[in-house]
Amino acid sequence: MIFEMIAYIQKDYERYLTLIEQHVVLDLIAFVICVGAAVPLGYLCAKKEKAAIPIMAAANLIMVIPSLALFALLQPILGIGNAPALTALVFLSIPTMLISTRAGIQGVDPSILENASGMGMPQWKVCLQVEIPLAMPAILNGFRVTAVSLIAGTTIAAYVGAGGLGFYIKLGLTARQHEVMYIGALTVAAMAILVDCILAHIQKKQIEKIA
């Protein structure tokens, strides 16, 4: 099986590299959007309980929606291609990052914030220079989970015509070519492990920095 996989990659290496590129681009775009949406929302939920109730309820609702079902629901509305794939990936990934950000901000010692305010620091400086750095280990934990989930979830994007390594998995299942399916699955797994190790290293450094 391994030799069959190697032979197939050698024969189809151009498409293999293209699918990896498509997969990575989709993941990066979705991840950046998630950070831009989830971190501010998580901070808001940590500070404003009234705002947290509906936002957290919506996040919990999204978390119980099966990934494939959301892709299927968006396809008639947004068609096929990157639009439904990115929309589904972002919606499915925001809750995890939001929850970790909220937990990290709420875990900051209130006395540290009081001391910072007492020294005359404006609220925006307290947020950026005190709260966020202290909450960063928890936030980075959410980043890790979200990144790995995105890499795995992007395989479904092939079913809505967005490309990525899910194409090989789909092709392998349809044509009963197990070596093709394994190429897609193992490459996705390797990417997820690599990204998780990188983010785990960054998280470890951040913990050591604030310890």
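How do the residues of the lining of the largest pocket divide into nonpolar, polar and charged? In this predicted model, the lining holds 10 nonpolar residues, no polar residues and 1 charged residue. The pocket has a volume of about 220 Å³. Its lining is made up of Val24, Asp27, Leu28, Phe31, Ala147, Leu150, Ile151, Met191, Val195, Ile198 and Leu199. Helices H2, H7 and H9 (178-210) each give two or more residues to this lining.

The largest nonpolar core contains 41 residues, and within this core Phe71, Met97 and Phe143 touch the most other members. Two or more core residues come from each of helices H2 (13-47), H3 (49-63), H4 (67-78), H5 (82-106), H6 (110-118) and H7. Helix H7 supplies the largest share, with 10 residues. When residues up to four places away in sequence are not counted, Met97 touches Phe31, Cys34, Val35, Ala38, Val39, Phe143 and Thr146. A second core, separate from the largest one, has 12 residues, among them Met5, Ile151, Ile183 and Val188. In soluble globular proteins, nonpolar side chains tend to be buried together.

Thr155 lies in the loop that runs between helix H7 (123-153) and helix H8 (166-175). Because its relative accessible area is 16%, under the 20% limit, Thr155 counts as buried. The side chain of Thr155 reaches the backbone oxygen of Ala152 at 2.6 Å. Apart from neighbours within four places in sequence, Thr155 is in contact with His23, Gly166, Ile169 and Val188. Of these contacts, Val188 is also one of the residues of the second core.

Key. Residues are numbered from 1 along each chain as its sequence is written. This is a predicted model: local features need pLDDT of at least 70, side-chain atom pairs count only at pLDDT 80 or more; totals for chains, interfaces and linings use all residues. Side-chain values use heavy atoms; hydrogens and water are left out. Helices (H or I, at least four residues) and strands (E, at least two) are DSSP runs, numbered from the N terminus. Buried means under 20% relative accessible area, exposed over 50%, partly exposed in between (1.4 Å probe, protein chains only). A polar contact is a pair of N or O atoms within 3.5 Å; within protein, one must be able to donate a hydrogen and the other to accept it, and residues adjacent in sequence count only if both atoms are side-chain atoms. Contact means heavy atoms within 4.5 Å. A nonpolar core is a set of buried Ala, Val, Leu, Ile, Met, Phe, Trp, Tyr and Cys residues joined through side-chain atoms within 4.5 Å. On a 1 Å grid over the protein atoms alone, a cavity is a set of points where a 1.4 Å probe fits but cannot get out, and a pocket is an open set with protein on both sides within 12 Å along at least five of seven lines; lining residues have an atom within 4 Å of a point. Grid points are joined across faces, edges and corners, and a volume is the space filled by probe spheres set on the points. Ala, Val, Leu, Ile, Met, Phe, Trp, Tyr, Cys and Pro count as nonpolar, Asp, Glu, Lys and Arg as charged, and the others, Gly among them, as polar.
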